[in-house]
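Let's take a walk through this model together, one piece at a time. Keep the 3D view open as you read.

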Amino acid sequence: MRFQGSGWIAEWVEGLGRLTLLARETFMSLFTFKVAWCDLLYQIYFVGVRSQSVVLITGAFTGMVLGAQTYFQFHKVKMDTATLAVVSVSMCSELGPVLTGLMVAGRVGAAFAAELGTMRVTEQIDALRTLATHPVDYLVVPRLVSLYIALPLLTAESIAIGIGAGYVVGVFLLGIDPAYLWYYMLKYTGDSDLAIGLIKSFVFGGIVAMISCYKGLNCGEGAEGVGRATTEAVVYSSITVLITNFFLTLALGKVFNKL
Amino acid sequence: MIEVRDLKKSFGSHTVLEGVTFQIKKGESVVIIGRSGGGKSVLLKHLIGLLKPDQGQVLIEGENIVPMSERELLHVRHKFGMLFQSAALFDSLNVFENVSFAFRRDRSLPEGEIEKKVNEVLELVDLEGTQMKKPSELSGGMRKRVGLARAIIYEPEIVLYDEPTTGLDPIVSDSIDKLIIRVRDRLDVTTVVVTHDMRSAQRIGQRIIMLHERKVYATGTPAEIFGSTDPIIRQFVDGISNPKDHLF
């Protein structure tokens, strides 16, 4: 059934409906399909191992910049030793999951959409269907599971490297006392901050996987269609991650009694 | 075995099929001919449930597949093998992995048995020794042969061919025609071929269905179709264009 109406709102609502149906099909398949370990391991390798450099560089330089900027402000009120605490809490609950989610949306989301889009325009997805294989089982589920596993791990890595880089900048570049710096960081960073970051990254993994796979599976004809699907996958994933982050911050803040 | 009743399909405002009706018996070899863009491939995709019609029924062994969900269709598709116009090989997998795909997915056979079956079917399509090659290393004709091997390895009851000789030179086309006949005779399958290659149609088909103006225009044996005096059939069979179709 086609949504009756015209303009981008109708298209947007129709797309949202299709994405919801794909998500329903995927989650139903998630609990019933036979795991193809080989495909799953390859996807985890592709998403996790091959994203290392991007995530490490992003995490490190974000931690360093945040450390420097915090120091510039805190130094005025003689709170230098609280610098790493700010870096740590920010990296754990906001910057770690969001920046890792955005970087993975750019690298992995684009690859998913381009690969699935190319398979669609070259009839490989139709070929899968004729071989009695559901495209969701074979293509979407391993990608979703791999992001669910890899993104929290990448986020934890990004957080750790960000805090480490902030520490290096604080101690060796800005001359802050290392003992107090470390002490206040441990004092003000709670388990809940880390939990919030990891929960967010888990949700972002689902968002990137579903939007990218949806865009790939529903791409237009030819090279132009694949190109557009790839761009849209990255743009929509990134925007959705940023918007969702705000609501998750409020919701998780309530859950962990931060409001 | 296959029955199509009053099938209608449009893409936007463009109507492709308008009330197509025909039957194909078990073991029969049917060729669907018609002009390019006339809805032949669209019709073929309806037979295996890759497309949903706007109206009408597609019955496979008496079972209407139109209202079935994608998951319900998976069971029906075990009866089918399909060779695509572009072969549609999985380009990230080698020949062995492509051909053995169906068995490796449902894990119904041990690895040794799968290897044996792949070797047998590659021998049938004259492609022994290509197991480790990637699709990008194969010629157009070889790709179609691998596509056919993948379609017939699990011994389906019905094999669908979407323009199997398009884009191939006459010698390779001839070998593909012979291969289709060999597969039909050796595996005793129902064969449905969509083509506008008249030589292939004459050689492969026991019956020819001609689509024209979105409907079944004629149906008959190759002798009846090729001997017809109907101007539309003659024009298509002889390959004569209308003056208004001239580009220059």
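In this predicted model, a good place to begin is the hairpin that β1(B) and β2(B) form, with two residues between them. Look at the turn: Gly12(B) sits there with a positive phi of about 65°. On either side of that turn, β1 covers residues 2–11 of chain B and β2 covers residues 14–24, and the two strands run antiparallel, joined over eight bridges. If you would like one pairing to check by eye, pick Glu3(B), whose bridge partner in β2(B) is Gln23(B).

Now turn to chain A and find helix α1, which spans residues 7–30. From the first C-alpha to the last, its 24 residues reach 35 Å, close to the 34 Å expected at 1.5 Å a residue. How many of the 24 residues in α1(A) are buried? The count is one, so the helix is hardly covered, given that a buried residue needs 20 or more other C-beta atoms within 10 Å of its own.

Glu14(A) is a handy residue to select on this helix. It counts as partly exposed because 14 other C-beta atoms lie within 10 Å, a number that falls between the limits of 12 or fewer for exposed and 20 or more for buried. For a sense of distance within the chain, Glu14(A) and Leu194(A) are 180 residues apart in sequence, and their C-alpha atoms are 37 Å apart in space.

Finally, see where the two chains meet: 11 residues of chain A are in contact with 16 residues of chain B. On the chain A side, the touching residues are three nonpolar, five polar and three charged.

Key: Residues numbered from 1 in each chain as written. Chains lettered and ligands numbered in written order. Predicted model: local features only at pLDDT ≥ 70, side-chain atom pairs only at ≥ 80, totals over all residues. Helix = DSSP H or I, 4+ residues; strand = E, 2+ residues; numbered from the N terminus. Expected span 1.5 Å × (residues − 1). Pairing = 2+ DSSP bridges. Contact = placed C-beta atoms within 7 Å. Nonpolar A, V, L, I, M, F, W, Y, C, P; charged D, E, K, R; others polar.
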